[in-house]
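Me: I am new to this structure and would be grateful for a close look at one part of it: the contacts that its side chains make. Please begin with the charged side chains, continue with the rings, and close with the backbone around them.

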Amino acid sequence: MGKPDYILWFDTVNNQDVERVGGKNASLGELIGGLKSQGIRVPDGFALTAEAYRTFIAANDLAPQICTQLDIFAQEQQTLAKTGKNIRRLFQSAAFPQDIEADIRRAYQELSRRYQVDEADTAVRSSATAEDLPDASFAGQQETFLNVSGAAEILESCRRCYASLFTNRAISYRIEKGFEHMNVALSVGVQKMVRSDKACAGVMFSIDTETGFPDAVLLTGAWGLGETVVQGSVTPDQFTIFKPLLQQGFRPIIEKTLGGKTKKMVYTDDGSKDTVQTVDTTGKERKTFVLNDDEILQLARWATLIEAHYGGPMDMEWAKDGNTGELFIVQARPETVQSQRAVGKLKTYKLKSHPQPILTGLSIGDAIASGKVCRVLSPKDIDQVKDGSILVTEMTDPDWVPVMKRVAGIVTDYGGRTCHAAIVSRELGIPAIVGTGDGSRTLKTEQAVTLSCAEGDQGKIYAGQLEYEAVDVNLDDIPDTRTQIMMNIASPAAAFNWWQLPARGIGLARMEFIINSLIKIHPMALVNYDRLQDRDAWKTIRDMTKGYADKREYFVDNLSRGIGKIAASQYPHPVIVRLSDFKTNEYADLIGGREFEHEESNPMLGFRGAARYYSDRYREGFALECQAIKRVREVMGFDNVIIMVPFCRKVSEADRVLQVLVENGLKQGVHNLQIYVMCEIPSNVLLADQFAQRFDGFSIGSNDLTQLILGVDRDSGELADLFDETDEAVKLAITQVIQAGHRHGRKVGICGQGPSDKPEFAAFLVDAGIDSISLNPDSVVQVKRLVAEREESTDRS
C-alpha cells in the first residue's frame, strides 16, 4: 500500500473529489480542468487533503478529547463559547506529523517556483467536505488567511484552518444542519494570491439573488481584497448584466450602481504580525466604478460559461490583479437559495399604506417584517438580541449567525447584495435591508418599525408597525389564452419580481416613472446645464452627475439602463415603452424643471405627450429619450422594445412625431422597430383608420379615454360614480378601434386598470377581439383564468 496523498494540486482534482479536498478546492480544480481552455483565469495552488486532516487528528489523539468537550456541551454543562475555545486550543498545541509537514513545504516551494519567486504570497482557505453543497451554504463558517508567505507561516495557517472547524458558529451551524461533527473533515487550499490589493475584487452570481430571475448576472466589487465585499464591511459597486444577449455580441449592462466603498483591504508592508490591513479609500476611488464596461462584460461571460459547465446557478468570487490588469476567478460554488426554491410557487407581500420611509437601502429577499428595533453593534453583545426583533447593526459576520435566525428582520449600515448578512438572511428567509449608511445611528432600540423588501430592489424602513398582506400565488395549471396577457410595470426596481408570472410581455412601461425614480432631473436642465439660472438646481445637478463630463449622458445612460432592465425581465416578448408623458406641473417638479415649464390651468389637457416632442421648448430633451431607446435596442440588444407615442391629438401631429423620431435615428422597420400609439383621445377613435396607416399598433389607455369621452375628471371624488370604463359609450369606442386596427392588420391592446378591477369588462374585451390585455402584476393570474374561461365559453357557443 502506497503513501497516502496528503497534497493534491488543483489541476489534478475535480468536483468528484469533494470527500478528498472539500467543496472549495474541488471546485477550483474543476474550474482549472474544465474552463481554463475557454480563457477563464484561475490562480494556481494545491490542496492539503482531508486524509491529511484525519492523520493529523489521529497522530495527536484529538478525536476522544474533542468528543469529550462536545458531550459536555450537549449535556449543557459547558457553554458553546467555552467548548469551542477548549477544542481550538487542542489544535493549536498539536503538531503536524513529519511526512505531512515535509509534503507541505515541498508543495509550497514548487508553487513559488511556478511563479518565479522565492516565497509566493498565498491565500490559505479552509475547505470542508460538507461545504458548498447545493442545499447547505457554509457561508464563512471556516477561516481564510490572506497574504501568507513562507513555509512556517503556511504551516501555522493550515493549523489555524483546522481549528476553525470548531469555531462557535461552525459548531452551531453543523448542529442546525444535521451534520455529524466528526464526519466533517477539513481540507486546506493554498492558492497564489491575486494582487487585487492594488486593484479590486468582489463577488458574482449567475442568477438574480433576490428574485431568482435566471437570466441575470449580479456582480459586486470594491477596491482592494475581496474580503470587504464578502464581510459586508463596505457598500460595493453593483452591476447587473443580461445573459442571453451577451453571446450575441451586445453590451447588455442593465444596471450600474456606485457603492460607497469607504474602505479597502490591502497588504501590510511593515513586517507586523497582521498580513493585511484595512485603510480608507480616496475621494476619487469612492466616486469611480471599480470596473470598466469591458471588464464587467468579460466577468459576466465567464459567469455564463461557469454556470453552463456546472449545470446550475453559481456563486463566484473574482479578483483583478493590479500589477498585470488581468481578471481572475478565485472561487466558484453552487448558489444555495434561489436554485433550491420550489418552482410554481410565488408569495407576494403588499403594504396596506405607503407613508414616507425613514430610511432606505438594498432589499434582500422580497418579504415584509415588522417589530421593535434591537440595536447591537458588537458580536460580544449578541445575547441582548430579542426573539422577533429587528436587528440593527453596522455589519454582520459569521459570529452573528446564531442570533440572526431568531430575529424578524435585519438592517445594516454597510454591505451589498453579496455580503455575509445578505447571504445568510436569504438562506434563513428573513428580510434584510443592507447598506443603509446610517441605520445604526438613525434607529433606536425599542423603536417600532416595518421593513419592506417587497417594493423592488430598494428596501424601505417605515416608522411604526404597518399592516400588510401576504398572498400565496399558485402558478400551476394556469391555462393558455389566445388573448396575450401582459403586465404594466412602473419602475425598473420591481421588474424582476414578476418573471415567474404567466405573462407574455410588458404592455405599458412608463418612461416618466423611470425618469422620476432613477434620474430625477429635468432633461432640459441637463441640456442647458451651463446656462442654468437656478444656482441651487445647478449645484444639485453638479453633485448628482459627477463622473459625467457631458451632463446629457447622465440622462441617456440611466434611462437606457432603466428601460433595459424592464426589457430584460420579459425578453424576448414585446415590451412597450411609452415615451414621456409628464404633465407640465410634474415636469416642473423635476430638479431644474421650473425654469423650463409654464404654469397651466389644466395640465391634463395641456402641453403633454406628442405635442412636446416636436416643440422647440422640448425637442432637445426628447432627443435624449430617443438616444436612450436607440442604445437599448442597438447597443444592449433589446429589439423587443416597442415605442409608444402618448396623447397624440391629431393625424398631422403623428406625422410630425414620426419625422422627429426618424431625425433621431428611430425609423419604423429599421432593426424591426415598431411604433405604437396610445388610444386615449376621442380623435384617436374617430380617425382610427388614419392612425392605423401610420402606426404599427394601438394601446388603449382606458383611464384617459373614459375621462375624455364622458367628460369626467378621473381624480374627482364627487364624480367617482360617473367614471366607468364599462359605460356603453366607452365600450363602443373600444370596439370601433379594435375593428379599425384589425382592418389594417394592426394589433390592439389595452393597458388601463379596468380589466383588473371589473371581470365583466375583461369578458367584454375578449368578446370584442382585443389582442392583448396588460395588467398590474397582482391581477395577472386571476384575469388570465377569467379570460381563458371566456374564450372557452365563446368557442363552445
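Reply:

**Charged side chains**

Asp-795 and Arg-482 form a salt bridge through their side chains, with 3.0 Å from N to O. The model in which this pair appears is a predicted one. Asp-795 belongs to helix H29 (residues 780-796), while Arg-482 lies in the loop between strand E22 (468-474) and strand E23 (484-489), so the pair ties together parts that are 313 residues apart in sequence. Asp-795 is exposed, and Arg-482 is exposed as well.

A salt bridge with a buried setting is formed by Glu-307 and Lys-243, whose side chains meet at 2.7 Å, N to O. Here Glu-307 is part of helix H11 (residues 293-310) and Lys-243 is part of helix H9 (residues 243-246), so this pair ties together parts that are 64 residues apart in sequence. The relative accessibility of Glu-307 is 16%, and the residue counts as buried because the limit is under 20%. Lys-243 likewise counts as buried, at 7% relative accessibility.

The next pair lies within one helix. The side chains of Arg-561 and Asp-557 meet in a salt bridge of 2.9 Å, N to O. These two residues stand 4 positions apart in helix H18, so about one helical turn separates them. Arg-561 is buried, with a relative accessible area of 12%, and Asp-557 also counts as buried, at 10% relative accessibility.

Charged residues can also be joined in groups. Asp-44, Glu-110, Arg-113 and Arg-114 are linked in a network of salt bridges. For the structure as a whole, the count comes to 51 salt bridges. Why should such pairs form at all? Side chains of opposite charge can pair when their charged atoms come close.

**Charges over rings**

Some charged side chains are placed over aromatic rings. Arg-608 has its charged end over the ring of Phe-647, 3.8 Å from the ring centre. Lys-192 is found over the face of Tyr-115, at 5.4 Å from the centre of that ring.

Phe-647 also deserves attention for its backbone. Although Phe-647 is not a glycine, its phi is positive, at about 45°. Phe-647 lies in the loop between strand E26 (641-645) and helix H22 (651-663). With a relative accessible area of 2%, Phe-647 is buried. The ring beneath the charged end of Arg-608 thus belongs to a buried loop residue.

**Rings against rings**

A search of the whole structure finds 21 aromatic pairs. One of them joins Tyr-548 and Tyr-554 in an edge-to-face arrangement, with 5.6 Å from centre to centre and 85° between the planes. Tyr-554 is buried, with a relative accessible area of 6%.

Phe-761 and Phe-764 form an aromatic pair that is stacked, with 5.9 Å from centre to centre and 20° between the planes. The angle counts as stacked because the limit is under 30 degrees. Phe-761 and Phe-764 are 3 residues apart in helix H28 (residues 759-768), so they are separated by about one helical turn. Both residues of this pair, Phe-761 and Phe-764, are buried.

Rings also gather in a group: Tyr-53, Phe-56, Phe-91, Phe-96, Tyr-162 and Phe-166 form one aromatic cluster.

**The backbone**

Besides Phe-647, a positive phi is found at His-671, a residue other than glycine, where phi is near 55°. His-671 lies in the loop between H22 and strand E27 (675-679). Helix H22 therefore has a loop on each side that holds a residue discussed here: Phe-647 in the loop from strand E26 and His-671 in the loop to strand E27.

The peptide bond that joins Tyr-571 and Pro-572 is cis, with omega at about 5°. Pro-572 lies in the loop between helix H18 (551-570) and strand E25 (575-578). Helix H18 is also the helix that holds the salt-bridged residues Arg-561 and Asp-557.

Helix H1 (residues 18-35) calls for a separate remark. Where is its kink centred? The kink is centred on Lys-24 and amounts to about 85°. A straight helix of 18 residues would span 26 Å at 1.5 Å a residue, whereas H1 spans only 18 Å between its end C-alpha atoms. Of the 18 residues of H1, 14 are buried, so the helix is largely enclosed by the rest of the structure.

Technical notes. Residues are numbered from 1 along each chain as its sequence is written. This is a predicted model: local features need pLDDT of at least 70, side-chain atom pairs count only at pLDDT 80 or more; totals for chains, interfaces and linings use all residues. Side-chain values use heavy atoms; hydrogens and water are left out. The expected span of a helix is 1.5 Å times one less than its number of residues. The bend at a residue is the angle between axes fitted to the seven residues ending there and the seven starting there. Buried means under 20% relative accessible area, exposed over 50%, partly exposed in between (1.4 Å probe, protein chains only). Rings of Phe, Tyr and Trp (its six-membered ring) pair if their centres lie within 6.5 Å; planes under 30 degrees apart count as stacked, over 60 as edge-to-face and the rest as tilted. A charge sits over a ring if NZ of Lys or CZ of Arg is within 6 Å of the ring centre and within 35 degrees of the ring normal. A salt bridge is a side-chain nitrogen of Lys or Arg within 4 Å of a carboxyl oxygen of Asp or Glu.
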